[in-house]
Amino acid sequence: PGKVIPHVGKMFAGISSLQSKSSQLPDGIAALFEAMVSKDGEVVPLNNIIEVASKRPVKEWLKKLEVGMQNTLAKLLLDAVQQDSSSSLEPKDDSDRHHFIEWAKRFPAQVMILATLINWSMSVDAALSEEGDKSSLTRVLSIVEGKLQIM
């Protein structure tokens, strides 16, 4: 793994390196990958530690790593979308702003931004599905504007 890790950033977009453990490992294990590190320096722990066996071909453990990264990001995105209760709130006061900031800090930046976009899309879809005036769309707009002011 030591010869491949410096090139991880070329293989996986947004990843600059991996955090691994390579000392005090059980026999037959060359490394344990515990987290991915983004190009912005964010450390994202993997849901499941990836074991690299000493005799395992590079292609096999890279595939296992890829699946592990995808599963981790999918779980984080699902959690972020579900926990974003601020999508229904207009951040008017300090409490709402604090709630949104605390939610945003729990997730990697790219996941937080994507979750915000998903929730915005669902809010716009729901507003367009409502019959009547444009007040629903106006409300969605003010929520987004409030979030942008916080960011």
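Are Trp103 and Phe107 buried or exposed? Hold on to that one for a moment, everybody, and thanks for coming. The answer is that both residues are buried, and I'll return to them once we have walked through the rest. Please keep in mind throughout that what you see here is a predicted model.

Let me begin with the overall layout. The protein contains five helices and three strands. Reading from the N terminus, the order is α-β-β-β-α-α-α-α. In other words, a helix comes at the start, the three strands follow, and four helices finish the run.

Now for the dimensions. For 151 residues, a compact globule would come out with a radius of gyration near 15 Å, but this protein has 20 Å. Along its principal axes, the C-alpha atoms occupy a box of roughly 65 × 30 × 25 Å. Two pairs of residues give a feel for those distances. Between His99 and Ile5, which are 94 residues apart in sequence, the C-alpha separation is 38 Å. Between Trp120 and Gly9, 111 residues apart along the chain, the C-alpha separation is 31 Å.

What about burial and surface? Of the 151 residues, 34% count as buried. The accessible surface adds up to about 9600 Å², and carbon and sulfur atoms account for 55% of that. On the charge side, there are 17 positive and 19 negative side chains, with the centres of the two sets 11 Å apart. As for contacts, take those between residues at least 6 apart in sequence: 49% of them join residues at least 24 apart.

On to the aromatics, my favourite part. How many aromatic pairs does the structure hold? There are three. One of them is Phe33 with Trp61, a tilted pair at 5.3 Å centre to centre, with 40 degrees between the planes. Phe33 sits in strand E2, residues 29-38, while Trp61 belongs to helix H2, residues 58-83, so this pair ties together parts that are 28 residues apart in sequence. Phe33 and Trp61 are both buried.

That brings us back to the opening residues. Trp103 and Phe107 also make a tilted pair, with ring centres 6.0 Å apart and planes at 55 degrees. As promised, both of these are buried. Ring pairs also bring in Phe100, giving a cluster of Phe100, Trp103 and Phe107.

While we are in that part of the chain, have a look at His99, which is found in helix H3, residues 94-105. Why does His99 count as partly exposed? Because its relative accessibility is 32%, and the partly exposed class runs between 20% and 50%.

Finally, let's visit helix H4, which spans residues 109-129 and includes Trp120. Thr116 has its place in helix H4 too. Thr116 has a relative accessible area of 13%, so it is buried. Setting aside residues up to four places away in sequence, Thr116 touches Asp84, Trp103 and Lys147. So Trp103 turns up again here, as a contact of Thr116 as well as a member of the ring cluster.

Trp120, by contrast, is partly exposed, with a relative accessible area of 41%. Which residues does Trp120 contact, leaving aside neighbours within four places in sequence? Those partners are Val140 and Val144.

That's my tour, so over to you for the discussion!

Notes: Residues are numbered from 1 along each chain as its sequence is written. This is a predicted model: local features need pLDDT of at least 70, side-chain atom pairs count only at pLDDT 80 or more; totals for chains, interfaces and linings use all residues. Side-chain values use heavy atoms; hydrogens and water are left out. Helices (H or I, at least four residues) and strands (E, at least two) are DSSP runs, numbered from the N terminus. The radius of gyration is taken over C-alpha atoms; the globule rule is 2.2 Å times the number of residues to the power 0.38. Buried means under 20% relative accessible area, exposed over 50%, partly exposed in between (1.4 Å probe, protein chains only). Contact means heavy atoms within 4.5 Å. Accessible areas come from the Shrake-Rupley method with a 1.4 Å probe; for residues, only the protein chains shown count as cover. Lys and Arg count as positive and Asp and Glu as negative; His and the chain ends are not counted. The place of a charge is taken as NZ of Lys, CZ of Arg, CG of Asp or CD of Glu. Rings of Phe, Tyr and Trp (its six-membered ring) pair if their centres lie within 6.5 Å; planes under 30 degrees apart count as stacked, over 60 as edge-to-face and the rest as tilted.
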